[in-house]
Amino acid sequence: MSEPLSIERLRREGERFLQELSREFYESLSGQKGTAELQPIYQRHRAIMSEDALELAREAFVGSAEGSGERRSARVLLDWQTESQSSRQLAPLDEREIAWETDAVVRTPEGHEIPFQRTSIELGNSVDRHERATIEKARSALVEKELAPMKKERYQRERDITEKIGLADGYNATWELLSGISLTALHDECAAFLRDTQPVWDDIAPRTVKRVLGMALRETTRADALALFRAREFDQFFPAADMETNIRAQVAEMGIDPEAHGRIRFDTGEREGKRSRAFCAPVAVPDEVYLVLRPHGGQTDWNTLLHELGHALHFAYMRPDHPMEFRWMGDNSVTEGFAMLFDHLMQDAGWLTRYTGLERKQAPEFLRSAGFEELHFLRRYCAKLIYETQLYGGAISWDALPDLYVELLTGATGFQYARADAFVDVDPRYYSARYLRAWQYQALLTETLVERFDADWWRNPRCGPWMVEQLFGEAQRELAHEQAQRVARKSLSFAPLVRSIERMIG
Ligand SMILES: [Zn+2]
């Protein structure tokens, strides 16, 4: 006879389930195993993803007092259970999309054939605007006809499944209840950020586009934006050979063991089938965390390693006595915030001149370009969040969404977006909100670290131990805005980001 369901069993078996999934991803993406076999893992642990498990989590949530520790745990467990219900039911749709994306080929009228998954790389690398326009036209026609209807069905189903669970009135209210985050407030902050930074954007975007692409901003599409941000004039200053050594040295200088006493394992070997982008796989938290990389150098590679290292340090320095829901789940704005805290070191002139090949006299030009890119990504993400609140909100019909998508994204960036991408360019379950809050949090943290540990906090030996104790150790028990209040005594906002962008673009 199997053990009856209880919160304790959900925790114990849930952690085992997450460890098995994570190991499967690690082994397949690092090339140690052909394909990830996820179905047997789901099958083995189906009891903890059943409707009874959801009911149990719902009872724990409803039965706990508001503001209590039990409520905090129960909210996270119920969020996980709600997500499990839709992941389970959406699995066949997700598999259908992955199969399509693996096989699809974009064909131009000239007979040029590009695997669908390579199109953004090809667009980014193409220096011929007419070629980009031809590829983009073929890509968006294919997406509109085949991928967009699948994606649209997926989001319709996800909204229905979540709303049927009946926790709150509609998808957005359910997400707010389960995450503890106000979408309305974030939406308004995004709108204000877009409004406040419009004059700066109107000033620098046309000039930069003209200089790099030789085009007027109003004649560009998102395909040209890919080429614009792919122009890596500084890659030579970020050599592959120094990357891991120098970044590890910096972490050690601030008083943190980059291997976390053996808990972080750097998987740097060459292996067939290994992903080219660095990634972090927490197979057991905090004891067995993999940082997988294949150093090829360049700005993006350094950036990705720093980002993934931030995640790895967070996982490996979490206090082991936190219950599993705070080590594996919770507000991902926190872990993304630490990852971004590290990748934003690439915007610090002192750090750049000490650990990369960039020289002091080249820093201002590099930072201007980084500031422009940062402003673009933030404006794009703000517009996405505003759009996604409509997509999930239900007040606008599904058929009217593509026009709204084009209006919002084109309006925020100046690059013409395609209707075809309205259901493709979406972060499921508001991951965009986690990113935006992480962005705000890392900017606030950077200011706090400068105040506490000086401008070169990243090599202050007192800084690392503080970070381990005050930030990483706490896992994801607090929401990002709660942690910001505790360590910086300030609310999350775009203000520190605006300050840092202004500093960079001068
Ligand atoms: Zn991340």
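In the predicted model, Gln347 touches Leu367, Ala370, Ser500 and Met504, when residues up to four places away in sequence are left out of account. The residue is placed in the loop that lies between helix H13 (332-343) and helix H14 (349-355). Because Gln347 has 20 C-beta neighbours inside 10 Å, and a residue with 20 or more such neighbours is classed as buried, Gln347 counts as buried. With respect to Leu213, from which Gln347 is separated by 134 residues in sequence, the C-alpha to C-alpha separation in space is 24 Å.

Ser500, one of the residues touched by Gln347, also takes part in the packing of two helices, being among the residues of H20 in contact with H17. Helix H17 (residues 431-453) and helix H20 (residues 495-505) pack with their axes 8 Å apart and at an angle of about 70 degrees; H17 and H20 are therefore roughly perpendicular to each other. On the side of H17 the contact is formed by Trp439, Gln440, Ala443, Leu444 and Glu447, while H20 contributes Pro496, Leu497 and Ser500. Divided by class, the contact of H17 with H20 comprises 5 nonpolar, 2 polar and 1 charged residues.

A second helix pair is formed by helix H8 (residues 183-213) and helix H15 (residues 363-393), whose axes lie 8 Å apart and which pack at an angle of about 140 degrees. H8 and H15 are therefore oblique to each other, and their crossing is left-handed. From H8 the contact draws on Leu183, Leu186, His187, Cys190, Ala191, Phe193, Leu194, Thr197, Val200, Trp201, Ile204 and Thr208, and from H15 on Phe372, Leu375, Leu378, Arg379, Cys382, Ala383, Leu385, Ile386 and Thr389. By class, 16 nonpolar, 4 polar and 1 charged residues make up this contact of H8 with H15.

At the level of domains, the domain assignment of the protein gives domain 1 (1-103) and domain 2 (184-505), and the centres of domain 1 and domain 2, taken over C-alpha atoms, are separated by 27 Å. The contact between the domains takes 17 residues from domain 1 and 20 residues from domain 2. On the side of domain 1 that touches domain 2, the elements giving two or more residues are helix H1 (7-29) and helix H4 (69-103), and H1 gives the most, with 10 residues. The residues on this side of domain 1 divide into 7 nonpolar, 6 polar and 4 charged.

Key
Residues are numbered from 1 along each chain as its sequence is written. This is a predicted model: local features need pLDDT of at least 70, side-chain atom pairs count only at pLDDT 80 or more; totals for chains, interfaces and linings use all residues. Domain bounds come from an automatic or database domain assignment. Two residues are in contact if their C-beta atoms, placed from the backbone, lie within 7 Å. Helices (H or I, at least four residues) and strands (E, at least two) are DSSP runs, numbered from the N terminus. Ala, Val, Leu, Ile, Met, Phe, Trp, Tyr, Cys and Pro count as nonpolar, Asp, Glu, Lys and Arg as charged, and the others, Gly among them, as polar. Axes are lines fitted to C-alpha atoms, for helices over the stretch in contact, and angles run from 0 to 180 degrees between N-to-C directions. Angles under 35 degrees count as roughly parallel, over 145 as roughly antiparallel, 65 to 115 as roughly perpendicular and the rest as oblique. A crossing is left-handed if the near helix is turned anticlockwise from the far one by less than a right angle, and right-handed if clockwise. A residue is buried if 20 or more other C-beta atoms lie within 10 Å of its own, exposed if 12 or fewer, and partly exposed in between; C-beta atoms are placed from the backbone.
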